[in-house]
Amino acid sequence: MLKVLNASQVKQLDQETINREPISSIDLMERAASAFMQWFVQHYKANNKIGVVCGTGNNGGDGLAIARMLKEWSYPVKVWIIKGGKESEDFRTNLTRLNQLILPVEIKELVDVPEFNNQHILIDSIFGTGLTRPIEGVTAKVIEAINQSKATRIAVDVPSGLLLESHSSGAIVKANYTLTFQIPKLSFFLPENSQFVGQWQCIEIGLNKKFLSEIETSAFYIDRASIKAKLRQRSTFDHKGNNGKALIVAGSLGKMGACILAAKAALRSGIGLLTVHVPAMGYSIIQSTVPEAMASVDSNNQALSYVTDSSGFDAIGVGPGLGQSKETINGFAKLLEQSAPMVIDADALNILSQHQEMLHTIPSGSILTPHPKEFERLVGSWKNDFHRLEKQKQLAVQSNCVVVLKGAYSSIVSPEGNVYFNSTGNPGMATGGAGDVLTGILTSLLAQGYSALDAALIGVFLHGLAGDIAAREKGEDSLIASDLIDLLPEAFLKVKS
């Protein structure tokens, strides 16, 4: 699991690498430029005209080193330097080295701002992680020209103008690709910054791993290795009785499909025994479509009214296709009185948003899984995505639940306020029923004895991984929720392999 650090920690990590290795700062910069080049030469041939736009700090120094290496690799390179800022020592060193091969063009005033019409690729190396304010003046005009160019735009470490820990405004480079050094940055995971970051990739530059393991953070990026370490292996004498007993409460007239998807996903995620509580009209449907599950029949014909006994279950999933009738609201309120941890989704979340007093009755160790609109109904609107993340943390702490906010890089927040961003999934999963599948997966894992946080981390990762496998096999446009269930076995095997 990768740590996500703030700007001061990133600076500290660089300095500790310099001190502990030891290595000079200029040599560390050279290492970073070499790592950038290893990626670059694999993607672009030397017939591309390259423009490198640099500031005068250390990010600009990275750009100068990259420009020198590009020239040495026989790429046609032109370099621009935006003057006016304080020049770092390593910037000056790399400028001296570059001057032996290329004479950069200086940008001092508005009349110096180029149009970048002749470049196939523009490398943005103006500002890095140390930026704390919006970009204005001549630099803003340069960024505007970069964004208007038809060239492919590649940002070094971070797109210039993008802040790491707060909402960004002013001029920001709209990168097609961002090659970030060693660790991902918090701002990369938020929807509002997608237009600036583009596709991003971490490139290894040999920063001190011992210090990285020691430094504390509250933000993480989930990877396959961390999920593999959490998955349990079954023992020889396991049986259905000790692999968890789960109850899924779902479905109503016209929405039994959501119930079926959740039930099948739970079964494919290792649950020992599954019971599905359905309205009376759904009995024959669930028995014929999910024969591996037992059925509990509600006294209400078309919706949930009351689960007579849920005391024997290790976890309860509730919400998919539930509806919001008066009887269902009353039935859900009674269900919340049960002691088993719950996975709360879909209409159950909408009921909570209308009856906020119910939030205080959610069993501890539960998981809430809203999509953005459901989350907004729960917590109200937000100013920007950093504000939204703070609201997610507040909800997790106040409810003592794990809160999963679904979407690209789904964010998972623990009751302690730690946030974990998921690394799997794709836009093809933006289809009806995908959330119901996740509910089934999480309910199954929770019932098997995983903690709420581990169940959420594993479940969200596997859900996204099944989606990635489906997208490769069927394409994003044709992906449907049932594909996720069909490919869950392959996702499990891929993680365990």
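Strands here are DSSP runs of E at least two residues long, numbered from the N terminus, and in this predicted model one such strand, β11, spans residues 273-278 and contains H277. The points below take up H277 and its surroundings, then an open sheet of seven strands, the packing of helix α11 against helix α12, and finally R97 in helix α4.

**H277 in strand β11**

- H277 has a relative accessible area of 2%, and because buried means under 20% relative accessible area, H277 is classed as buried.
- The side chain of H277 makes two polar contacts with other side chains, one with S296 at 2.8 Å and one with D298 at 2.7 Å.
- Not counting residues up to four places away in sequence, H277 touches L247, I248, V249 and A250, then S296, V297 and D298, and also L304, Y306 and V307, so that S296 and D298, the partners in the polar contacts, appear in this list as well.

**The open sheet**

- Seven strands form an open sheet with parallel pairing, and their order across the sheet is β4-β3-β2-β5-β6-β7-β8.
- The edges of this sheet are strand β4 (residues 105-107) and strand β8 (residues 199-203), each of which pairs on one side only, while the twist from one strand to the next averages 20 degrees.
- Within the sheet, strand β5 (residues 121-125) pairs with strand β6 (residues 152-156) in the parallel sense over four bridges, and I121 stands opposite T152 of β6.

**Helices α11 and α12**

- Two packed helices are described by the angle between their axes and the distance between the axes.
- Helix α11 (residues 326-335) packs against helix α12 (residues 346-354) at an angle of about 90 degrees, and the two axes lie 11 Å apart.
- Angles of 65 to 115 degrees count as roughly perpendicular, and α11 and α12 are therefore roughly perpendicular to each other.
- On the α11 side the contact is made by T328, I329 and F332, and on the α12 side by A348, I351 and L352; by class, the contact has five nonpolar residues, one polar residue and no charged residues.

**R97 in helix α4**

- R97 is found in helix α4, which covers residues 89-99, and at 29% relative accessibility R97 counts as partly exposed.
- Leaving aside neighbours within four places in sequence, R97 is in contact with I26, E30 and R68.
- The C-alpha atom of R97 is separated by 62 Å from that of M342, a residue 245 residues apart from R97 along the chain.

Methods. Residues numbered from 1 in each chain as written. Predicted model: local features only at pLDDT ≥ 70, side-chain atom pairs only at ≥ 80, totals over all residues. Heavy atoms only, no water. Pairing = 2+ DSSP bridges. Axes fitted to C-alpha atoms, helices over the stretch in contact; angles between N-to-C directions. Parallel < 35°, antiparallel > 145°, perpendicular 65-115°, else oblique. Contact = heavy atoms within 4.5 Å. Nonpolar A, V, L, I, M, F, W, Y, C, P; charged D, E, K, R; others polar. Buried < 20%, exposed > 50% of the residue type's maximum accessible area, 1.4 Å probe, protein only. Polar contact = N/O pair within 3.5 Å; in protein donor to acceptor, adjacent residues only side chain to side chain.
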